[in-house]
Amino acid sequence: ESLLFERYWRTPIYNELSYLKKEHYYTETVYWQSKVHRAYINIDTKYISFKVGRQQIRFGKRFLWNPLDVLNPINPVSVNSAADQGATDAAMVSLKPIKKWDIVYIYNPKRRNNDENDIQYGNGNTVIKSGIKQKNFFFSVLGGKLPEKYFIASDLMYVTKFGVLSGNGIY
């Protein structure tokens with residue numbers, strides 16, 4: 001492995017708010033580990049919903065890798081489906097002013113330099129998304145702040161009788 005890889009590699013739990021994994025027993029023949037993959041509280045009404053806890057936050061409608069998946073931990077050396085991908089600690093508020101339109105605010109707290117004592121509001125990720133869903137059409141625009149950078153993105157998907165046309169962009 002190269003020195004550059006060693007310098008920039010971060011484990012999937014780097015800067016996560018909590019470590020919900022414990023190794024109970026380990027020998028050459030036995031390994032016992034417990035891990036909480038997802039655990040959250042969801043309150044959902046007709047016009048607003050709240051979701052707090054360890055959750056997957058996915059933007060866009062892709063099956064494997066998605067460039068808009070900016071909050072969940074990703075292992076770059078493996079291909080994970082949505083069910084196999086990790087989750088992150090976050091609070092999400094979703095407003096549904098009309099039936100086919102939603103506005104979502106997400107705050108994802110993070111540590112700084114993987115320090116347990118350095119958890120501040122500015123260290124976290126903040127994302128705002130607005131999306132429209134029609135019968136066979138989905139369009140959303142999102143933007144926010146990740147650690148030390150801002151981004152804006154869009155996602156488009158149209159389902160035809162022959163398949164799915166989709167595209168997204170991020171800047």
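How much area does the protein expose, and what share of it do carbon and sulfur atoms supply? In this predicted model, the exposed area is about 11900 Å², and carbon and sulfur atoms supply 60% of it.

Good morning, colleagues. I shall begin with the overall architecture. The protein contains 1 helix and 12 strands. Read from the N terminus, the helix is followed by the strands, in the order α-β-β-β-β-β-β-β-β-β-β-β-β. The chain has 171 residues, and 30% of them are buried. As for contacts with a sequence separation of 6 or more, 40% join residues that lie 24 or more positions apart.

Let me turn to the interior. The largest nonpolar core has 13 residues. The members that touch the most others are Ile-57, Phe-59, Leu-71, Ile-106, Val-127, Leu-142 and Phe-151. Four strands each supply at least two residues of this core: S5 (88–98), S6 (101–108), S10 (137–146) and S11 (149–160).

Phe-151 deserves a closer look. Beyond its neighbours within four places in sequence, Phe-151 is in contact with Val-127 and Leu-142, both also on the list of core residues that touch the most other members. The other contacts of Phe-151 are Val-70, Gly-143, Gly-144, Lys-145, Leu-146, Ile-170 and Tyr-171. On aromatic rings, the structure holds 0 aromatic pairs.

Strand S10 also carries Ser-140. Is this serine buried or exposed? Ser-140 counts as buried because its relative accessibility is 1%, and the cut-off for that class is under 20%. With residues up to four places away in sequence set aside, Ser-140 touches Lys-129, Ser-130 and Gly-131, and further along the chain Ala-153, Ser-154 and Asp-155.

I come now to two charged side chains. Arg-54 belongs to strand S4, which spans residues 48–55. Arg-54 has a relative accessible area of 9% and is therefore buried. Which side chain does the side chain of Arg-54 meet in a polar contact? The partner is Asp-89, at 3.0 Å. Arg-54 can also be placed relative to Val-36: the two are 18 residues apart along the chain, and their C-alpha atoms are separated by 8.4 Å.

The second case is Lys-51. Its charged end sits over the ring of Tyr-40, at 4.3 Å from the ring centre.

To close, I return to two buried polar residues: Arg-54, with its side-chain polar contact to Asp-89, and Ser-140, at 1% relative accessibility. Thank you for your attention.

Methods
Residues numbered from 1 in each chain as written. Predicted model: local features only at pLDDT ≥ 70, side-chain atom pairs only at ≥ 80, totals over all residues. Heavy atoms only, no water. Buried < 20%, exposed > 50% of the residue type's maximum accessible area, 1.4 Å probe, protein only. Polar contact = N/O pair within 3.5 Å; in protein donor to acceptor, adjacent residues only side chain to side chain. Phe/Tyr/Trp six-rings, centres within 6.5 Å; stacked < 30°, edge-to-face > 60°. Lys NZ or Arg CZ within 6 Å of the ring centre and 35° of its normal. Core = buried A, V, L, I, M, F, W, Y, C linked by side-chain atoms within 4.5 Å. Contact = heavy atoms within 4.5 Å. Areas by Shrake-Rupley, 256 points an atom, 1.4 Å probe, with all protein chains shown as cover.
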